[in-house]
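Open the model in your viewer and keep the selection tool ready. We will move from stop to stop, picking out what to look at next.

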Amino acid sequence: MAMIESVEQLEAIYGRFDDVAEASTAKVADRVTAQYRRLIEVSPFVALATSGPEGLDSSPRGDMPGFVRIHDEKTLMMPDRRGNNRIDSLRNIVRDPRVGLLFLIPGSGTTLRVNGTAHLSDDPDLLQSFAVTEKAPRTVIVMQVGEIYFQCARAIVRSELWNPDKHIDPKTLPTPGEILAEMSGQRVGGAEYDRAWPERARQTMW
């Protein structure tokens, strides 16, 4: 298999960065503009990319639209809601502050990318300001925006992500309980895990 091992080889295929169409570069800002603010405010889902000594990680984060708070044009804040306590992303941020966000907006082909650095805060007042049903997150991710720009809709269009006719029937997929049972040699998971999950999730959503 042929391998591309240099930037020069890559540019021979795609061209130099200086040759990229202006529309691909003019969209980049170093702060949250008014139009980018609107995209963040309506997004209920973001993928959080982090890096640590063990490698890279990408974590899904979902909440009510606007859950990523725009503190000011250079600062975003995101609560760390309840999860499985692996804290892979948080552990990475403490050791390497570089982060990336990819916002999705249901029904829209436009996605939004934000790159920058982040730190964690457990300030009591800040945590309380993110409380839902009187339950506050244990930490908040505070991100300094380095660059922000929209991504064109080609990936969403090609994937037909929002097309209900293309949705996969969950019954045709392995369940979390089945995956856990197989991976653990039947020690955890199984049908009981799947039966209990909806109520467990309801009680621990926030």
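Which kind of link joins the side chains of R86 and D88? Select both residues and show their side chains. The two meet in a salt bridge, with N and O 2.8 Å apart. Check their surroundings too. R86 is exposed, because its relative accessible area is 51% and exposed means over 50%. D88 is partly exposed, at 28% relative accessibility.

Keep in mind that this is a predicted model.

**Step back: the whole chain**

Show the chain as a cartoon. You should find eight helices and seven strands. The C-alpha trace spans about 55 × 50 × 40 Å along its principal axes. The chain has 206 residues, and 31% of them are buried.

Now turn on the surface. About 13900 Å² is exposed. Carbon and sulfur atoms supply 55% of that area.

Colour by charge next. There are 25 positive and 29 negative side chains. The centres of these two sets lie 4 Å apart.

How far apart in sequence are residues that touch? Take the contacts between residues at least 6 apart in sequence: 61% of them join residues at least 24 apart.

**Go inside: the largest core**

Nonpolar side chains tend to be buried together in soluble globular proteins. Hide the surface and look for such a group here.

Select I40, L76, L101, V114 and I148. These residues have the most contacts inside the largest nonpolar core, which has 26 residues. Which elements give two or more residues to this core? Two are helices: α3 (34–42) and α4 (88–95). The others are strands: β1 (45–52), β4 (75–79), β5 (98–104), β6 (111–121) and β7 (140–151). Colour β7 brightly, since β7 gives the largest share of the core, five residues.

Apart from this core lies another one, of six residues. Select some of its members, including L126, L127, V140 and V142.

Now zoom in on L101. What does L101 touch, leaving aside neighbours within four places in sequence? Its contacts are V46, A47, L48, L76, M78, L112, R113, V114 and M143. L76 and V114 should look familiar: both were in your core selection.

**Next stop: T111**

Select T111, in strand β6. Is T111 buried or exposed? T111 is buried, because its relative accessible area is 8% and buried means under 20%. Show what surrounds T111. Not counting residues up to four places away in sequence, T111 touches L102, F103, L104, Y149, F150, Q151 and I156.

**Back out: more salt bridges**

How many salt bridges does the count come to? The count is 11. You have already seen the one between R86 and D88. Here are two others to select.

- Pick R16 and E11. They form a salt bridge, and their closest N and O atoms are 3.6 Å apart. R16 is partly exposed at 47% relative accessibility. E11 is partly exposed at 26%.
- Pick K166 and E160. They also form a salt bridge, with 3.8 Å between the closest N and O atoms. K166 is partly exposed, with a relative accessible area of 47%. E160 is partly exposed at 34%.

**Last view**

Show everything together. Put the 26-residue core in one colour and T111 of strand β6 in another. Then add the side chains of R16 and E11, which meet in a salt bridge.

Technical notes. Residues are numbered from 1 along each chain as its sequence is written. This is a predicted model: local features need pLDDT of at least 70, side-chain atom pairs count only at pLDDT 80 or more; totals for chains, interfaces and linings use all residues. Side-chain values use heavy atoms; hydrogens and water are left out. Helices (H or I, at least four residues) and strands (E, at least two) are DSSP runs, numbered from the N terminus. Buried means under 20% relative accessible area, exposed over 50%, partly exposed in between (1.4 Å probe, protein chains only). Contact means heavy atoms within 4.5 Å. Accessible areas come from the Shrake-Rupley method with a 1.4 Å probe; for residues, only the protein chains shown count as cover. Lys and Arg count as positive and Asp and Glu as negative; His and the chain ends are not counted. The place of a charge is taken as NZ of Lys, CZ of Arg, CG of Asp or CD of Glu. A nonpolar core is a set of buried Ala, Val, Leu, Ile, Met, Phe, Trp, Tyr and Cys residues joined through side-chain atoms within 4.5 Å. A salt bridge is a side-chain nitrogen of Lys or Arg within 4 Å of a carboxyl oxygen of Asp or Glu.
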